[in-house]
Amino acid sequence: MTSSNFDLKLKKYADLVVKVGLNIQPGQRLVVLAGLDTAPLVRLIAASAYQLGSRFVSVVWVDEPIHKIRYQNAPRDSFDEFSGWLFEGISDSMQEGDAYLQVWGRDPELSKGEDPDIVAIHRKTRAKHYKAIGDQQGINAVQWTVICPPTPDWATKIFPDISEDAALSRLWEAVFKACRLNDPDPIVFWEGYLANLAKRREYLTSKKYTALKFKASGTDLWVGLPKGHLWAGGKGKSSQDIPFAPNLPTEEVFTLPHKDQTEGTVTATKPLNYYGSLVENFKLTFSEGKVVDFSAEKGEDVLKNILAMDENASFLGEVALIPHKSPISQSGLIFMNTLYDENASNHLALGSAYQFTLKGGETMSVDEFAQAGGNDSLIHIDFMFGSGDMDVDGVTADGKAEPVMRAGEWAFDV
Ligand code: ZN
Ligand code: ZN
């Protein structure tokens, strides 16, 4: 890739994020949370937002290596401390109507080798404070988008055998491809693609299937769906009724599995990266929704810990469909980053479900949601099980099976 070619694609990326992801409105302000390594892209994003009429773009810069320095040098009993104003400030901006962008290329192995107790307290403390922002995202208070552009630390973890420069340029190529930035007009592509996902989501919701049946080599699985489940995916709408794309890229439509109605065996088709620890070639057997047996060729102890995280960690919280020919799947690359990896293949998530995948779910208490079949857990861990030989059927209320996917591709037109 020549440098002018690269600059052109970076500019297209910035425009895509501002126009399709955030859909910035004239006069609207934008608040960005971004890693230092992503500054060249963030500057282009700011320029693009101003050109669309934004009044003010403010950027909160974060630096991941600072966490490592803290792990290694700060007092052991200090990891429950946090700058409360940081995320509260962003949340305040969102409540005033500012759009929010999270630019999160990250080192998948940042905490590798560090004291796990300290890392766990830091993560939990951060998560507690991030909730101020997360709650605004959960109700789509304003337009918000998450993107993950490559960073040197991340690229060298995926391509450890080549130079940092070469690794970074290979990861950029993969990200450009996944975001369709080689397309002559990525904005036109994504508008069409997201509209198609919305039609698929609406079709599947209207079917009111009682279950999905998955069949492939190593997988024979029944996933019950609760009454009132809603399919999600593609664009969302803010409380001001402005459409936006929360993730770029995105390929999935997903819904709510009934917590107690998964039966059978599933074999993962890609490794699961859990904070830098890999679980590979693993198999889960479910009965009445719960994992009752499991095995893994590599990382079985990691899998065991995940399943034992709390009492609901061994039940499902999400079932997602993605065509096998998606470019992320075809790249064959494990990005070690959920934004990309979960878009590679049909996936399931162990742990918590999204309340917006149930009709009226957003206003339910945790107990009411659980009564309706929704799972609640400390974890939400996606793992991939789709393949080019997977058939998926939807089971109708009268017990008939209809094709949803054949050989990994959509089996219905919209
Ligand atoms: Zn998903
Ligand atoms: Zn998920």
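Reader: In which helix is Ala178 found?
Author: This is a predicted model, in which local features need pLDDT of at least 70 and side-chain atom pairs count only at pLDDT 80 or more, whereas totals for chains, interfaces and linings use all residues. Residues are numbered from 1 along each chain as its sequence is written, chains are lettered from A and ligands numbered from 1 in the order in which they are written, and side-chain values use heavy atoms, with hydrogens and water left out. Helices are DSSP runs of H or I with at least four residues and strands are runs of E with at least two, numbered from the N terminus. Ala178 belongs to the run of residues 164-178, which is helix α7.

Reader: Is Ala178 buried or exposed?
Author: Buried means under 20% relative accessible area, exposed over 50% and partly exposed in between, using a 1.4 Å probe and protein chains only. The relative accessible area of Ala178 is 2%, so this residue is classed as buried.

Reader: Leaving aside neighbours within four places in sequence, with which residues is Ala178 in contact?
Author: Contact means heavy atoms within 4.5 Å. Once the neighbours within four places in sequence are set aside, the partners of Ala178 are Trp190, Pro249, Ile328 and Tyr340.

Reader: Which residues coordinate the zinc ion (ligand 1)?
Author: Donors are N, O and S atoms within 2.8 Å of the metal (3.2 Å for Na, K and Ca), and sites may look incomplete because water is not among the atoms. At 2.0 to 2.6 Å from the zinc ion (ligand 1) lie three OE donors and one NE2 donor, which belong to Glu252, Glu318, Glu342 and His347.

Reader: What is the arrangement of the four donor atoms around the zinc ion (ligand 1)?
Author: Four donors count as tetrahedral if all angles lie between 85 and 135 degrees; four count as square planar and six as octahedral if opposite donors are over 155 degrees apart and all others between 65 and 115, anything else being irregular. The angles around the zinc ion (ligand 1) run from 89 to 143°, and the arrangement is therefore irregular.

Reader: How many residues apart in sequence are the parts that Glu252 and His347 tie together?
Author: Glu252 sits in the loop between β9 (243-244) and β10 (253-255), whereas His347 sits in strand β16 (residues 347-351). Glu252 is buried at 5%, and His347 is buried at 0%. In sequence, the parts joined by this pair are separated by 95 residues.

Reader: Which residue coordinates both the zinc ion (ligand 2) and the zinc ion (ligand 1)?
Author: The zinc ion (ligand 2) takes its donors from Glu318 (OE), His380 (NE2) and, twice, Asp382 (OD), at 2.0 to 2.6 Å. Angles of 53 to 145° among these four donor atoms leave the site irregular. The two zinc ions lie 3.4 Å apart, and the residue that bridges them is Glu318.

Reader: At what angle do the axes of helix α3 and helix α5 cross?
Author: Axes are lines fitted to C-alpha atoms, for helices over the stretch in contact, and angles run from 0 to 180 degrees between N-to-C directions. The axes of helix α3 (residues 65-73) and helix α5 (residues 116-138) come within 10 Å. The contact involves His67, Arg70 and Tyr71 of α3 together with Ile118, Val119 and His122 of α5. The crossing angle is roughly 130°.
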